[in-house]
Amino acid sequence: MVNVWAIGRDATLWEDPLVFNPDRFMDSKMDVRGQDFELIPFGAGRRICPGLPLAVRMVPVMLGTLLNTFKWKIEGDVAPKDLDMQDKFGLTLARLRPLRAVPLPL
Ligand code: HEM
């Protein structure tokens, strides 16, 4: 069993590992397809997620469509910088408080 949680918080691998900063991947050559073990959201090796080819195509299409079709705000008018990023323990990590985003017509 690989502790992906610990890998993702390892300060020898990540700058400011506890900071939610998706921009850190902007110029990154890191491959999520099980080649770079710092980041293995689909697992790696023989049991790697068989849905990976579908997911890497569909997630950008779906996310891009949602972002281009609506403006978004966080329910309760919470500012993004104030978003509660605590997680709750489980077999997989889930947000303690679900993100409830509201689509607004453009
Ligand atoms: C962003 C989307 C997805 C992520 C992040 C993801 C992630 C994962 C991870 C981490 C595993 C465990 C790999 C391991 O044991 O090392 C897994 C397994 C699996 N995933 Fe996905 N997955 C995604 C989408 C999908 C989709 C779209 C499908 C099917 C259409 C799928 C089907 C499966 C199946 C069947 C397994 C079990 C494989 C096995 O145990 O041999 N996943 N996935």
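How do the residues of the shell around the ligand divide into nonpolar, polar and charged? In this predicted model, local features need pLDDT of at least 70 and side-chain atom pairs pLDDT 80 or more, while totals for chains, interfaces and linings use all residues. Numbering starts from 1 along each chain as its sequence is written, and side-chain values use heavy atoms, with hydrogens and water left out.

The shell comes out as 6 nonpolar, 2 polar and 1 charged, with Ala, Val, Leu, Ile, Met, Phe, Trp, Tyr, Cys and Pro counted as nonpolar, Asp, Glu, Lys and Arg as charged, and the others, Gly among them, as polar. Its members, each with a heavy atom within 4 Å of the ligand, include Pro 41, Phe 42, Arg 47 and Leu 54. Cys 49 is there too, and its SG is the single protein donor to the ligand's iron atom, at 2.2 Å. Donors here are N, O and S atoms within 2.8 Å of the metal (3.2 Å for Na, K and Ca); water is not among the atoms, so sites may look incomplete. Cys 49 sits in the loop between helix H1 (4–8) and helix H2 (52–69); helices are DSSP runs of H or I with at least four residues, strands are E runs of at least two, and both are numbered from the N terminus. As for Arg 47, one of its polar side-chain atoms lies 2.6 Å from a ligand oxygen.

Now for the backbone. Most residues other than glycine have a negative phi. Asp 16, in the loop between H1 and H2, has a positive phi of about 45°. Asp 77 also has a positive phi, near 55°, and lies in the loop between strand S1 (70–74) and strand S2 (87–88).

Methods:
A polar contact is a pair of N or O atoms within 3.5 Å; within protein, one must be able to donate a hydrogen and the other to accept it, and residues adjacent in sequence count only if both atoms are side-chain atoms.
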